[in-house]
Amino acid sequence: IVTHDPRLAHRCDRIIELRPDLRIDVSTNGSTLNDRVRRLLERATVQIHISFESLRAERYEAIRVGSDHTTLLANIETFRELVKPNGGLVTINTNPMRETWSEMADIVRFCDERDLHLSFNTVIKPAEMSLQTLPAAELESVHATLAAERFDDDASVAARWNHAQYANFLEQVRTWLEDARGRPVPVGLRA
């Protein structure tokens, strides 16, 4: 977030000066929290979108090479505390992939517990990481596992949002399953 480019920091400062009523949306990997970031979050209405693929440190750090899972978790909490007084939000953007799909319900619960909003991205490429390109039998198993998950009935706005997003993700997987049932099963040929 506005840490490496002083021009971006300057632009954010100008927006806050001229139009403090505007919301600033920031997409980040959540790895940096310094004085410049704190100052922005304390002065403006900010919605932070943090990419977060896994609750497992080793998996997350393998996907986001050079990252630190513990630092990210601490930063998420601090971001949430800093944006709340000005009406900002922290949204977790997750990327369900072949390697991470089994964690999606746990990520919903993680967000529900912390009053974080959740968004599911669609991973198409590379194809070998995408759920969309799985054979029908595997997608059936993925869909059945995801559909069996249940969430606490929570009155919070964030939890209701998160559960709706999960339902949308589940519907997307169902659509891919229907498509997969109609496509030929790839055959592994050897030369």
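This briefing walks through the sheet, the helices and the aromatic side chains of one protein structure. The model is predicted, and its mean pLDDT is 89, with 92% of the residues reaching 70 or more. Confidence is not even along the chain, for it is lowest in helix α1 (residues 6–18), at a mean of 80, and highest in α6, at 97.

**The sheet**

- Four strands make up an open sheet, in which they follow the order β1-β2-β3-β4 and pair in the parallel sense.
- β1 (23–28) and β4 are the edge strands, and each has a single partner, so one side of each is left without a neighbour in the sheet.
- From one strand to the next, the twist averages 20 degrees.
- β1 and β2 run parallel and are joined by six bridges, and within this part of the sheet Ile24 stands opposite Val46 in β2.
- On the other pairing of β2, strand β2 (residues 45–51) and strand β3 (residues 89–94) are parallel and share five bridges, with His49 placed opposite Thr91 in β3.

**Strand β2 and its surroundings**

- Why can β2 be called largely enclosed by the rest of the structure? Seven of the seven residues of β2 are buried, and therefore the strand is described in that way.
- Burial applies to both faces of β2, since Thr45, Gln47, His49 and Ser51 are buried on one side, while Val46, Ile48 and Ile50 are buried on the other.
- Helix α4 (residues 69–83) lies across β2 and β3, and its direction makes an angle of about 160 degrees with that of β2.

**Helix α7 and its partners**

- Helix α7 (residues 157–181) has 25 residues, and the distance from its first C-alpha to its last is 36 Å, close to the 36 Å expected at 1.5 Å a residue.
- The buried residues of α7 include Asn162, His163, Tyr166, Phe169, Leu170, Val173 and Leu177.
- An α-helix has 3.6 residues a turn, so residues three or four places apart point the same way.
- The elements against which the buried residues of α7 pack are α5 (104–114), β4 (117–120) and α6 (136–147).
- His143 is found in helix α6, and its relative accessible area is 18%, which is under the 20% cut-off, so His143 counts as buried.
- When neighbours within four places in sequence are left aside, the contacts of His143 are with Leu170, Val173, Arg174 and Leu177.

**Aromatic side chains**

- The structure holds six aromatic pairs, and one of them joins Phe52 and Tyr60 in a tilted arrangement, with 5.8 Å from centre to centre and 40 degrees between the planes.
- Both rings of this pair belong to buried residues, because Phe52 has a relative accessibility of 0% and Tyr60 has one of 1%.
- How are the rings of Phe151 and Tyr166 arranged? Their centres are 4.9 Å apart and their planes stand at 80 degrees, so the pair is edge-to-face.
- Phe151 lies in the loop between α6 and α7, whereas Tyr166 belongs to helix α7, so this pair ties together parts that are 15 residues apart in sequence.
- Phe151 and Tyr166 are both buried, and together with Phe120 and Phe169 they form one aromatic cluster.

Methods. Residues numbered from 1 in each chain as written. Heavy atoms only, no water. Helix = DSSP H or I, 4+ residues; strand = E, 2+ residues; numbered from the N terminus. Expected span 1.5 Å × (residues − 1). Buried < 20%, exposed > 50% of the residue type's maximum accessible area, 1.4 Å probe, protein only. Contact = heavy atoms within 4.5 Å. Pairing = 2+ DSSP bridges. Axes fitted to C-alpha atoms, helices over the stretch in contact; angles between N-to-C directions. Phe/Tyr/Trp six-rings, centres within 6.5 Å; stacked < 30°, edge-to-face > 60°. pLDDT = per-residue confidence, 0-100.
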